[in-house]
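Hello,

Here is the structure I promised to pass on to you. Please open it first, and then read my notes alongside it.

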Amino acid sequence: MSSRSNKSLICISCPIGCHLTVEYDKDNLREENIKISGNKCSRGITYGREEVLAPKRTVTATVSIASEIQRRLPVKTTKHIDKVLIFELLDNLYSLKVKPPVNIGERLIENFKGTGVDVVATMKLDR
Ligand code: SF4
């Protein structure tokens, strides 16, 4: 008996937002067994495969700061990170207390859990 499944997704890799259909075999999850349709470019194939094998997201959040003029500092990951690590990353971010000055792009967390993903400030803060 076949265990083929279908998933409908919207590709979030660019603003076009192609409607993808991803066909895969739940009992034999391998890249070569995943078929993607509806994509206008190869990034849709990468995105569709990732969503089935190991979904990833860019994380945006705010962290606490010791500042006279601002209470929270917006931050984001430099790359997509595995969805299974997002809550752990957020725990780390919510326990951070950053001291100004902070520049845009300054790394607040480097290579989170060996993933190669950093977290950077998205706002400059002088004091
Ligand atoms: S498949 Fe290509 S064109 Fe379509 S949304 Fe994804 S990145 Fe954009």
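Below is what I found, going from the whole chain to its parts.

First, a word on what you are looking at: this is a predicted model. Residues are numbered from 1 along the chain as its sequence is written, so you can follow the positions below directly.

**The chain as a whole**

The secondary structure amounts to two helices and 10 strands. Read from the N terminus, the elements come in the order β-β-β-α-β-β-β-β-α-β-β-β. The chain is more spread out than a compact globule, because its radius of gyration is 19 Å, well over the 14 Å that the globule rule gives for 127 residues. Along the principal axes, the C-alpha trace spans about 65 × 30 × 20 Å.

There are two domains to find your way around: domain 1 covers 4-53 and domain 2 covers 60-121. Their C-alpha centres are 29 Å apart.

**The three-stranded sheet**

Let us start with the sheet that comes early in the chain. It is open, with three strands in the order β1-β2-β3 and antiparallel pairing. β1 (4-10) and β3 (35-37) are at the edges; each has a single partner strand, so one side of each is left without a neighbour in the sheet. From one strand to the next, the twist averages 20°.

Strand β2 (residues 19-25) is joined to β3 by three bridges, and the two run antiparallel. If you would like a pair to look for, Val-22 has Ile-36 in β3 as its bridge partner. Helix α1 (residues 42-53) packs on this sheet and touches β1, β2 and β3, with its direction at about 50° to that of β2.

**The ligand**

Which residues surround the ligand? They are Cys-11, Ser-13, Cys-14, Ile-16, Gly-17, Cys-18, Asn-39, Lys-40, Cys-41, Arg-43 and Gly-44. By character, this shell divides into five nonpolar, four polar and two charged residues.

**The five-stranded sheet**

The other sheet to look at is also open, and has five strands. Its order is β8-β5-β6-β10-β9, and the pairing is mixed. β8 (97-98) and β9 (107-109) are the edge strands, each pairing on one side only.

How does the mixed pairing look strand by strand? β5 and β6 pair in the antiparallel sense over five bridges, and they form a hairpin with six residues between them. Within this pair, Ala-61 stands opposite Val-75 in β6. β5 is also joined to β8, this time by two bridges, and these strands run parallel. Here Ser-64 stands opposite Lys-97 in β8.

At the β9 edge, β9 pairs with strand β10 (residues 119-121) in the antiparallel sense, over two bridges. Ile-109 has Val-119 in β10 as its bridge partner.

Helix α2 (residues 86-94) lies across β5 (60-65), β6 (72-77), β9 and β10. The helix runs at about 25° to β5.

**Two spots in the loops**

Finally, here are two backbone details to zoom in on. The peptide bond from Pro-100 to Pro-101 is cis, with omega near 5°, and Pro-101 is found in the loop between β8 and β9. Then there is Asn-111, in the loop between β9 and β10. Asn-111 is not a glycine, yet it has a positive phi of about 50°.

**A route for your first look**

You might begin with the ligand and its shell, including Cys-11 and Arg-43. From there, move to helix α1 where it packs on the sheet of β1, β2 and β3. After that, cross to domain 2 (60-121) and trace the strands in the order β8-β5-β6-β10-β9. The cis bond from Pro-100 to Pro-101 makes a good last stop.

Enjoy exploring it, and do write back with any questions.

Best wishes

Definitions and conventions: This is a predicted model: local features need pLDDT of at least 70, side-chain atom pairs count only at pLDDT 80 or more; totals for chains, interfaces and linings use all residues. A residue is near a molecule or strand if its C-beta atom, placed from the backbone, lies within 6 Å of it. Ala, Val, Leu, Ile, Met, Phe, Trp, Tyr, Cys and Pro count as nonpolar, Asp, Glu, Lys and Arg as charged, and the others, Gly among them, as polar. Domain bounds come from an automatic or database domain assignment. Two strands pair if DSSP finds at least two bridges between them. Helices (H or I, at least four residues) and strands (E, at least two) are DSSP runs, numbered from the N terminus. Axes are lines fitted to C-alpha atoms, for helices over the stretch in contact, and angles run from 0 to 180 degrees between N-to-C directions. Two residues are in contact if their C-beta atoms, placed from the backbone, lie within 7 Å. The radius of gyration is taken over C-alpha atoms; the globule rule is 2.2 Å times the number of residues to the power 0.38.
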